[in-house]
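Here are a few exercises to work through with the model open in your viewer. Try each task before you read its solution.

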Amino acid sequence: MHVHIPALILIDMQQGMASPAAGPRNNPAAERQIAALLQAWRAAHATIVHVRHISRTPGSPFWPGQPGVAFQAALAPLPEEHVVEKNVPDAFIHSGLERWLRVRGIGKLVIAGVSTNNSVEASARTAGNLGFDTQVVADACFAFAQIDYAGTPRTADEVHAMALANLQGEYAQVVTAADVIGALPRPSLAPAHPPAR
């Protein structure tokens, strides 16, 4: 585990988020980008945290025991990867996540997942407020269409863009998957021992 590499925090990549009942969404390539992040972090032997929402609302697709609670198979945690359960959008509330990161000396976070304007934004705001050096991966998040407070329908792209604007510079740095993967240390290709002469 490399403490100097940011921890990858993946939020709510559960089967319920893939349900058509969730409504129109943006960024259909998000899962592919998240899979690329997972692959890169695993190759770097870096810290990965999977956050799972467990609803307190009966009838929710995230109510305990519902199929929607399960992680999407392609993005499921490996046995050695940390899993955090939350009951509100913010992954830091009543979850032990902050302490878990602090005791490991982790001060940098890369956040991806769903939905951009709800659990991702809530968690990134708290991460920034707690003093974590936080990056949010724009192309590895997605949002759902929503009606704003004035009654105007907003597309998923608009909701996503506004949430990222709320975070940028104030709570986090908004980046791409290519940015953060490119910043990971490259495995050394040099032989461990000089060749015998």
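Helices (H or I, at least four residues) and strands (E, at least two) are DSSP runs, numbered from the N terminus. The model is predicted, so local features need pLDDT of at least 70 and side-chain atom pairs count only at pLDDT 80 or more, while totals for chains, interfaces and linings use all residues. Residues are numbered from 1 along each chain as its sequence is written, and side-chain values use heavy atoms, with hydrogens and water left out.

**Exercise 1. Place Asn27 and list what it touches.**

Step 1: find the element. Asn27 sits in the loop between strand 1 and helix 1.

Step 2: check the accessibility. Buried means under 20% relative accessible area, exposed over 50%, and partly exposed in between (1.4 Å probe, protein chains only). Asn27 has a relative accessible area of 18%, so it is buried.

Step 3: collect the contacts, meaning heavy atoms within 4.5 Å. Leaving out residues up to four places away in sequence, Asn27 touches Ala138, Asp139, Ala140, Cys141 and Phe142.

**Exercise 2. Work out the overall layout of the chain.**

Step 1: count the elements. There are 5 helices and 8 strands, and along the sequence they run β-α-β-β-α-β-α-β-β-β-α-β-α.

Step 2: test the radius of gyration, taken over C-alpha atoms, against the globule rule of 2.2 Å times the number of residues to the power 0.38. For 197 residues a compact globule would come out near 16 Å, and the chain's 18 Å agrees with that.

Step 3: add the box and the contacts. Along the principal axes, the C-alpha atoms fill roughly 75 × 35 × 30 Å. Of the contacts between residues at least 6 apart in sequence, 77% join residues at least 24 apart. Buried residues make up 45% of the 197.

**Exercise 3. Go through the salt bridges of Asp12, Arg25 and Arg102.**

Step 1: set the rule. Side chains of opposite charge can pair when their charged atoms come close. Here a salt bridge is a side-chain nitrogen of Lys or Arg within 4 Å of a carboxyl oxygen of Asp or Glu, and the count comes to 7.

Step 2: take Asp12. Its partner is Lys86, with the closest N and O atoms 2.8 Å apart. The pair links distant parts of the chain, 74 residues apart: Asp12 is in the loop between strand 1 (7-11) and helix 1 (30-43), and Lys86 is in strand 3 (residues 82-86). Both Asp12 and Lys86 are buried.

Step 3: take Arg25. It meets Glu31 at 2.8 Å, N to O. Arg25 is partly exposed because its relative accessible area is 29%, whereas Glu31 is buried at 19%.

Step 4: take Arg102. Its bridge to Glu98 has the closest N and O atoms 3.1 Å apart. Arg102 and Glu98 both belong to helix 2 (residues 97-103), 4 residues apart, or about one turn of the helix. Arg102 counts as partly exposed at 37% relative accessibility, and Glu98 does too at 27%.

**Exercise 4. Sort the lining of the second largest pocket by residue class.**

Step 1: split the lining. Count Ala, Val, Leu, Ile, Met, Phe, Trp, Tyr, Cys and Pro as nonpolar, Asp, Glu, Lys and Arg as charged, and the others, Gly among them, as polar.

Step 2: read off the result. The lining of the second largest pocket divides into 6 nonpolar, 3 polar and 3 charged residues.
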